[in-house]
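Dear colleague,

Please find below the structure that I am handing over to you. My notes on what was found in it follow directly after.

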Amino acid sequence: MSRPRTGGLSPFERLRSRWEDEDLVCPECGYDDAEGRWLAATAGDRVQYRHLCPSCGHVRRRTFRLDGE
Ligand SMILES: [Zn+2]
């Protein structure tokens with residue numbers, strides 16, 4: 001059986017799993033949203049991530065392109 005070099009995860013999944021482990025601390029109020037996650041929405045060759053702080057309502061957005069592989 002061959003082993004994919006990506007470990008079986010798509011770029012999308014690798015980005016998401018990385019962010020679920022870190023950077024859930026709100027830069028505005030310092031709340032650590034341990035139960036939260038970045039929500040992803042694909043748009044063409046890009047993925048937009050959004051995180052809403054449950055404490056103060058601050059929204060962070062990040063956009064990644066998927067053509068970098
Ligand atoms: Zn906050």
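How many helices and strands does the protein have? The protein, which is a predicted model, has 1 helix and 3 strands. Read from the N terminus, these elements follow the order α-β-β-β. The helix, H1, spans residues 11-21, and strand E1 spans 39-43. Strand E2 covers 46-52 and strand E3 covers 59-65.

Some overall values may be helpful before the details. The protein has 69 residues, of which 17% are buried. Its accessible surface is about 5200 Å², and carbon and sulfur atoms contribute 45% of that surface. Among contacts with a separation of 6 or more, 37% are between residues 24 or more positions apart.

The zinc site

Which residues coordinate the zinc ion? The ligands are the SG atoms of Cys26, Cys29, Cys53 and Cys56, at 2.3 to 2.4 Å. The angles among these 4 donor atoms are 105 to 115°, and the site is tetrahedral. In terms of sequence, the donors are arranged as C-x2-C-x23-C-x2-C. The site thereby links distant parts of the chain: Cys26 lies in the loop between H1 and E1, whereas Cys53 lies in the loop between E2 and E3, 27 residues apart.

Are these cysteines buried or exposed? Cys26 counts as buried because its relative accessibility is 3%, under the 20% limit. Cys53 is likewise buried, with a relative accessible area of 2%. Cys29, by contrast, has a relative accessibility of 39% and therefore counts as partly exposed. As for cysteine pairing, the number of disulfides comes to 0.

The loop between H1 and E1 also holds Asp32. This residue is partly exposed, at 47% relative accessible area. Setting aside residues up to four places away in sequence, Asp32 touches Leu24 and Val25. The C-alpha atoms of Asp32 and the zinc ligand Cys53 are separated by 8.8 Å, although the two residues are 21 residues apart along the chain.

The strands

How do E1 and E2 pair? They pair in the antiparallel sense, over 5 bridges. Within this pairing, Leu39 stands opposite Arg50, and Ala40 stands opposite Tyr49. The hairpin that joins E1 and E2 has 2 residues between the strands, and Gly44 takes a positive phi near 65° there.

E2 is also paired with E3: the two strands run antiparallel and are joined by 7 bridges. In this pairing, Leu52 of E2 stands opposite Val59 of E3. The hairpin of E2 and E3 has 6 residues between the strands, and Gly57 takes a positive phi near 85° in it.

Which side chains of E2 are buried? Val47, Tyr49 and His51 point to one face and are buried. Arg46, Gln48, Arg50 and Leu52 point to the other face and are not buried. As a general matter, side chains in a regular strand alternate between the two faces of the sheet. The partners named above can be placed on this pattern: Tyr49, which stands opposite Ala40, is on the buried face, while Arg50, which stands opposite Leu39, is on the other face.

A residue in E1

Ala41 has its place in strand E1. Its relative accessible area is 43%, so Ala41 counts as partly exposed. With residues up to four places away in sequence left out, Ala41 touches Arg46, Val47 and Gln48. These three residues belong to E2, where Val47 points to the buried face and Arg46 and Gln48 point to the other. Ala41 and Thr63 are 22 residues apart along the chain, and their C-alpha atoms are separated by 9.5 Å.

In summary, the two points to which I would draw your attention are the tetrahedral zinc site and the antiparallel pairing of E2 with both E1 and E3.

With kind regards

Key
Residues are numbered from 1 along each chain as its sequence is written. This is a predicted model: local features need pLDDT of at least 70, side-chain atom pairs count only at pLDDT 80 or more; totals for chains, interfaces and linings use all residues. Side-chain values use heavy atoms; hydrogens and water are left out. Donors are N, O and S atoms within 2.8 Å of the metal (3.2 Å for Na, K and Ca); water is not among the atoms, so sites may look incomplete. Four donors count as tetrahedral if all angles lie between 85 and 135 degrees; four count as square planar and six as octahedral if opposite donors are over 155 degrees apart and all others between 65 and 115; anything else is irregular. Helices (H or I, at least four residues) and strands (E, at least two) are DSSP runs, numbered from the N terminus. Buried means under 20% relative accessible area, exposed over 50%, partly exposed in between (1.4 Å probe, protein chains only). Two strands pair if DSSP finds at least two bridges between them. Contact means heavy atoms within 4.5 Å. Accessible areas come from the Shrake-Rupley method with a 1.4 Å probe; for residues, only the protein chains shown count as cover. A disulfide is a pair of cysteine sulfur atoms within 2.5 Å.
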